[in-house]
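Subject: Handing over a structure, with notes

Hello,

Here is the structure I promised to pass on to you. Please open it beside this email, as my notes will be easier to follow that way.

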Amino acid sequence: MSRIDIAKVSEYVKRIYDADRTGHGMDHIHRVVGLCKLIIAQEDRADIDPDIILTAAYVHDVIDPKVVDDTVIARANLRAFLASISISDNDIAEIFDIIDHISFSKNIGARHELSRNGQIVQDADRLDAIGAIGIARAFYYGGKHGDVLYDPDLPVRTLGDESSYREHTSVINHFYEKLFTLTDALNTDAAKRIGELRNERMRSFVDNFINEWNGQA
Ligand code: ADP
Ligand code: NI
């Protein structure tokens, strides 16, 4: 029996995405929730709290400036909503700790020590950035931001801080700068197994892309 009414959390998040016109989809949230369940099923249940994990997975992007205009208001709204469905102060604190620290961009400088619950949400979010879905998301992002597919003269950057991460690059460079590094950064064994498969798919895609770019059949 779960402590948290996950269906209510899902409805809350869906309402926010329904109002969103920036192209951030609830589809990513559904995949991250699904990946969390896949990881939970394969991991030792000690120190795992599925209620916290699934709630954090649902809400992990609703306080992000990519999705909402005013993050201060979004945080206050989220906190009030979680309290309104009787989630305890301790649980709310852990949910915020997770969603404040899982993102790649916020971890470029300092690495925050996440709880095991947080590690699982972070793994699921990262897994959705790689593999076939990751390829599709990268080109979707590049198209929206006007980036080129590929430019052999554009050097691959080492990402020093969040501002350099947000500078323009080619979509193919993004694989080298971020996506190929994600599998090694995964926390749980279950996610590492999925990550290996997805990383192979991206490698094969990028190898084929560059071969075709260079005129091969
Ligand atoms: P996070 O919230 O973890 O910082 P991002 O906003 O950086 O995530 O990324 C969202 C999606 O857009 C991911 O699938 C990511 O790979 C993709 N993306 C981010 N930056 C780029 C880029 N410069 N080129 C192509 N895809 C990108
Ligand atoms: Ni996400």
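Below is what I found, going from the metal site to the helix packing and then to some single residues. Please keep in mind that this is a predicted model.

**The nickel site**

Let me begin with the nickel ion (ligand 2). The protein donors of this ion are H28 through NE2, H60 through NE2 and D125 through OD, at 2.0 to 2.2 Å from the metal. Along the sequence the donor residues follow the spacing H-x31-H-x64-D. The pair H60 and D125 links distant parts of the chain: H60 sits in the loop between α3 (50–59) and α4 (71–84), while D125 belongs to helix α6 (residues 116–127), 65 residues apart.

Are these two donors buried or exposed? H60 has a relative accessible area of 5%, so it counts as buried. D125 is buried too, because its relative accessible area of 17% falls under the 20% cut-off.

**Helix α2 and its partners**

Next, have a look at helix α2 (residues 26–42), which packs with helix α10 (residues 189–213) at an angle of about 125°, their axes 8 Å apart. These two helices are therefore oblique to each other. On the α2 side the contact is made by L35, L38, I39 and Q42, and on the α10 side by A190, A191, R193, I194 and R198. Sorted by class, the residues of this contact are 6 nonpolar, 1 polar and 2 charged.

How do α2 and α6 meet? Their axes come within 8 Å and cross at roughly 125°, so this pair is oblique as well. The crossing of α2 past α6 is right-handed. From α2 the residues H28, V32, L35, C36 and I39 take part, and they meet I120, V121, D123, A124, D125 and L127 of α6. This contact divides into 8 nonpolar, 1 polar and 2 charged residues.

You may notice some names coming back here. H28 and D125, listed above as nickel donors, are both in the contact of α2 with α6. L35 and I39 are in that contact and also appear on the α2 side of the contact with α10.

**An enclosed helix**

Helix α3 is worth a moment of your time. How many of its residues are buried? The count is 9 of the 10, so α3 is largely enclosed by the rest of the structure. The buried residues are D51, I52, I53, L54, T55, A56, A57, Y58 and V59. What covers them includes α1 (6–18), α2, α4, α5 (89–101) and α6.

**Buried residues to look at**

- E43 lies in the loop between α2 and α3. With a relative accessible area of 13%, E43 is buried. Leaving out residues up to four places away in sequence, E43 touches I48, R116, T188, D189 and A190. A190 is also one of the α10 residues in the contact with α2.
- F175 is found in helix α9 (residues 171–182). F175 counts as buried, at 0% relative accessibility. Its contacts, again leaving out residues up to four places away in sequence, are I135, A138, F139, F180, M202, F205 and V206. If you want a sense of scale, the C-alpha atoms of F175 and A46 are separated by 35 Å, with the two residues 129 apart along the chain.
- T183 lies in the loop between α9 and α10. At 6% relative accessibility, T183 is buried. Not counting residues up to four places away in sequence, T183 touches I130, G195, E196 and N199.

**Backbone points**

Finally, something for when you check the backbone. Most residues other than glycine have a negative phi. Which residues here have a positive phi although they are not glycines? Among them are D47, with a phi of about 50°, and S86, with a phi of about 65°. D47 is in the loop between α2 and α3, and S86 is in the loop between α4 and α5. D47 counts as exposed at 59% relative accessibility, and S86 counts as exposed at 63%.

Happy browsing, and do write back with any questions.

Best wishes

Key. Residues numbered from 1 in each chain as written. Chains lettered and ligands numbered in written order. Predicted model: local features only at pLDDT ≥ 70, side-chain atom pairs only at ≥ 80, totals over all residues. Heavy atoms only, no water. Donors = N, O, S within 2.8 Å, 3.2 Å for Na, K, Ca; no water. Helix = DSSP H or I, 4+ residues; strand = E, 2+ residues; numbered from the N terminus. Buried < 20%, exposed > 50% of the residue type's maximum accessible area, 1.4 Å probe, protein only. Axes fitted to C-alpha atoms, helices over the stretch in contact; angles between N-to-C directions. Parallel < 35°, antiparallel > 145°, perpendicular 65-115°, else oblique. Contact = heavy atoms within 4.5 Å. Nonpolar A, V, L, I, M, F, W, Y, C, P; charged D, E, K, R; others polar. Left-handed = near helix turned anticlockwise from the far one by under 90°.
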